[in-house]
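Please look over the structure below before reading on. The text afterwards goes through it step by step.

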Amino acid sequence: MGLLAEEDIQQLAADIPNNSAAGLLLFEHTWAIGLKEAIKNAGAVAVTGGFVPPEAVEDLEQDLEAEKQNA
């Protein structure tokens with residue numbers, strides 16, 4: 001499918017210690033296709049994508065809860 005280049009596969013293999021096993025999972029957030037199209041149709045440009053680590057979300061939730069209690 002062309003999702004990984006040969007160099008990607010070689011790098012992944014090099015990072016696996018001898019006598020070990022690893023798995024690789026690729027998935028697509030298909031809901032993001034509609035978001036990307038809406039951004040494009042609005043005349044905007046998607047600059048980057050990524051994930052917010054769960055810890056950051058937890059920290060934000062705690063901060064919001066603290067602000068709510070102090071208000």
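What follows starts with the chain as a whole and then turns to single elements, residues and surface patches.

The model shown here is a predicted one. Its secondary structure comes to 3 helices and 0 strands. Read from the N terminus on, the elements run α-α-α. Helix α1 covers residues 6–14, α2 covers 31–41, and helix α3 covers residues 54–70.

How does the chain's radius of gyration stand against that of a compact globule of 71 residues? The chain has 20 Å, while such a globule would have a value near 11 Å. Along its principal axes, the C-alpha trace spans about 55 × 40 × 20 Å. Accessibility can be added to these values: buried residues make up 0% of the 71 residues. Since a residue must have under 20% relative accessible area to be called buried, that share refers to residues below this cut-off. The area that the chain exposes is about 6900 Å², and carbon and sulfur atoms supply 57% of it.

The loop between α1 and α2 holds N19. The phi angle of N19 is near 60°, which is a positive value in a residue other than glycine. Is N19 buried or exposed? N19 counts as exposed because its relative accessibility is 88%, and the cut-off for exposed is over 50%.

Further along the chain, L35 has its place in helix α2, and A46 is found in the loop between α2 and α3. L35 counts as partly exposed because its relative accessibility is 44%. A46 is likewise partly exposed, with a relative accessible area of 46%. Both values fall in the range between the cut-offs of 20% and 50%. L35 and A46 are 11 residues apart in sequence, and their C-alpha atoms are 9.6 Å apart in space. A46 also pairs with K36 in this kind of comparison: the two are 10 residues apart in sequence and 7.0 Å apart in space, C-alpha to C-alpha.

Two patches on the surface remain to be described. Which residues make the nonpolar one? L3, L4, I9, L12, L24 and L26 make a nonpolar surface patch of about 540 Å². One of these residues, L12, lies in helix α1. L12 is partly exposed because its relative accessible area is 38%. A patch residue needs over 30% relative accessible area, so L12, at 38%, is above that cut-off.

The other patch is one of negative charge. E55, E58, D59, E61, D63 and E67 gather there on the surface. Among them is D63, which lies in helix α3.

Notes
Residues are numbered from 1 along each chain as its sequence is written. This is a predicted model: local features need pLDDT of at least 70, side-chain atom pairs count only at pLDDT 80 or more; totals for chains, interfaces and linings use all residues. Side-chain values use heavy atoms; hydrogens and water are left out. Patches are made of residues with over 30% relative accessible area and no salt bridge: like charges are joined within 9 Å, nonpolar side chains (Val, Leu, Ile, Met, Phe, Trp, Tyr) within 5 Å. Accessible areas come from the Shrake-Rupley method with a 1.4 Å probe; for residues, only the protein chains shown count as cover. A salt bridge is a side-chain nitrogen of Lys or Arg within 4 Å of a carboxyl oxygen of Asp or Glu. Lys and Arg count as positive and Asp and Glu as negative; His and the chain ends are not counted. The place of a charge is taken as NZ of Lys, CZ of Arg, CG of Asp or CD of Glu. Helices (H or I, at least four residues) and strands (E, at least two) are DSSP runs, numbered from the N terminus. Buried means under 20% relative accessible area, exposed over 50%, partly exposed in between (1.4 Å probe, protein chains only). The radius of gyration is taken over C-alpha atoms; the globule rule is 2.2 Å times the number of residues to the power 0.38.
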